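Hi there,

Here's the structure I promised to pass on. Have a look at it first, then read my notes below.

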Amino acid sequence: MKRREVVRLAWRGLSRRPVRTGLTALGITVAVASMVVFLSLGEGLRGVFRDELGSVGPDVQVARGNLAQGLFPAPTLPPGTAADVARLAPELGITRVTPVVVSLRQSLDPAQSAVFYGLPARQGVQALFPGVRAGRGRLLLPADEGRAVAVLGARAARNLGLGVGDTLALNRRASARVVGVLAPQNSLTDTFTFLPLGAVGRAFGTGERLSLVAVRLERPGDARRVAEVLSRRLGLTATTRSDFLSFVGRLLRSSDAVSLGLSVVSLVVGGLAVVNTVLMGVYERTREFGTLRAIGARPALVRALVLTESLLLALLGGALGLGLGRLGIWGVNLYTRDLAGIDAAALTPRLVALTLAVSGGLGLLAGWLPARAAHRLTVTAALGRA
């Protein structure tokens, strides 16, 4: 019998039990959709970090601790670290040294959370993010050194409901006057708040301690060599932009593994539903299979028919799961676009291929036991069963 005929017979077998088939497909749909949404977050964030961090930030970053602190290391560097780096500038081709203090304000409402970036007003925001420009008001000026003024990213200004001339509450004890709002550029700078270095130290009690020292090079291609020299000479952690991107990639891959592990639980439940549906179909159609055997069908044909039913059921649920997952991704991106201006989830071709492969594998695995039971039926036993 041709493969197309086997598929047609398998589909007819499923359509005879529409309620049972529909409920089973629904279970697989929900399981696959949850897997798609979970894994799409890793796909989306991977793209955001690659696009956003690949072109901004320092060539080399000097901090204390490991890469897990990322863009927001705690202020643990002594104030003389910037001067130590500057002394090596002629030897290493360093064109700019920027001391930075980072402070985070976390809130139950994500829109009220904030990232405060303190840097020398004489260097300005463009020392770290060259492409920024003021959308309203102005950027930091050398005269702002020591003053409590702030420049907000476009998204931060909108989330906080502030504009030029308003007062920004840094914490319960300190505030700053907003002198500028950046024009929308990327999801990173859009969510930051920039202040003079001393203003952050006074407001958050960090004193003269630094979070990191950002280094700009005359030849960015030397970043790896410069980072190694700085790490060795200063006894601190010097990392390049590519180091951080690689770390983010590893972190997201670990997150993908956890998400897939959580999804497996749902997929197992869906697989058991397929086993139950197909196995019940086998017992209900015992006489039908016996008739097929009696007119010359081989056991392999019966087995292929049952496996095809299981595969069709799983692929149907997988396809519907992709559609439902796409709807979930749209909802996630609607929220993250409003909050941070990014699409945090993405349905990539790789994820579509993985989803269909997992669905197909689930169908074949779930159909193995019913197919084995159908394969072992003898003509006498099948036709003699009521």
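Start with helix H1, which covers residues 3-15. This is a predicted model, so a quick check on geometry is a nice way in. At 1.5 Å a residue, the 13 residues of H1 should span 18 Å, and the C-alpha atoms at the two ends are 18 Å apart, so the expected and computed spans agree. Which residues of H1 are buried? They are Val6, Ala10, Gly13 and Leu14. These residues cover an arc of only 95° around the axis, so they sit on the same side of H1.

Now zoom out. The chain has twelve helices and ten strands, and 48% of its 386 residues count as buried. About 18,600 Å² of the chain is exposed, with carbon and sulfur atoms supplying 61% of that. If you take the contacts with a separation of 6 or more, 79% of them link residues 24 or more positions apart.

Next, the inside. In soluble globular proteins, nonpolar side chains tend to be buried together. Here the largest nonpolar core has 38 residues, and the ones touching the most other members are Val60, Leu168, Val213, Val215 and Leu230. Helix H7 (residues 223-234) gives the most to this core, with five residues. Val60 is a good one to click on: leaving out residues up to four places away in sequence, its partners include Val213, Val215, Leu217, Val226 and Leu230. Apart from this core lies another one, of 21 residues, among them Leu119, Leu128, Phe129 and Val132.

Two single residues are worth a visit too.

Ser40 is in helix H2 (residues 18-53). Is Ser40 buried or exposed? Its relative accessibility is 1%, and under 20% means buried, so Ser40 counts as buried. A polar atom of the Ser40 side chain lies 2.7 Å from the backbone oxygen of Val37. Setting aside neighbours within four places in sequence, Ser40 is in contact with Ile329, Ala344, Ala345, Ala346 and Leu351.

Thr206 is in the loop between helix H6 (197-204) and strand E9 (212-217). Thr206 counts as buried as well, because its relative accessibility is 5%. What does Thr206 touch, not counting residues up to four places away in sequence? The list is Pro75, Val101, Val200 and Gly201.

Have fun exploring!

Cheers

Methods
Residues are numbered from 1 along each chain as its sequence is written. This is a predicted model: local features need pLDDT of at least 70, side-chain atom pairs count only at pLDDT 80 or more; totals for chains, interfaces and linings use all residues. Side-chain values use heavy atoms; hydrogens and water are left out. Helices (H or I, at least four residues) and strands (E, at least two) are DSSP runs, numbered from the N terminus. Buried means under 20% relative accessible area, exposed over 50%, partly exposed in between (1.4 Å probe, protein chains only). A polar contact is a pair of N or O atoms within 3.5 Å; within protein, one must be able to donate a hydrogen and the other to accept it, and residues adjacent in sequence count only if both atoms are side-chain atoms. Contact means heavy atoms within 4.5 Å. Accessible areas come from the Shrake-Rupley method with a 1.4 Å probe; for residues, only the protein chains shown count as cover. The expected span of a helix is 1.5 Å times one less than its number of residues. The arc is that of the directions from the helix axis to the C-beta atoms. A nonpolar core is a set of buried Ala, Val, Leu, Ile, Met, Phe, Trp, Tyr and Cys residues joined through side-chain atoms within 4.5 Å.
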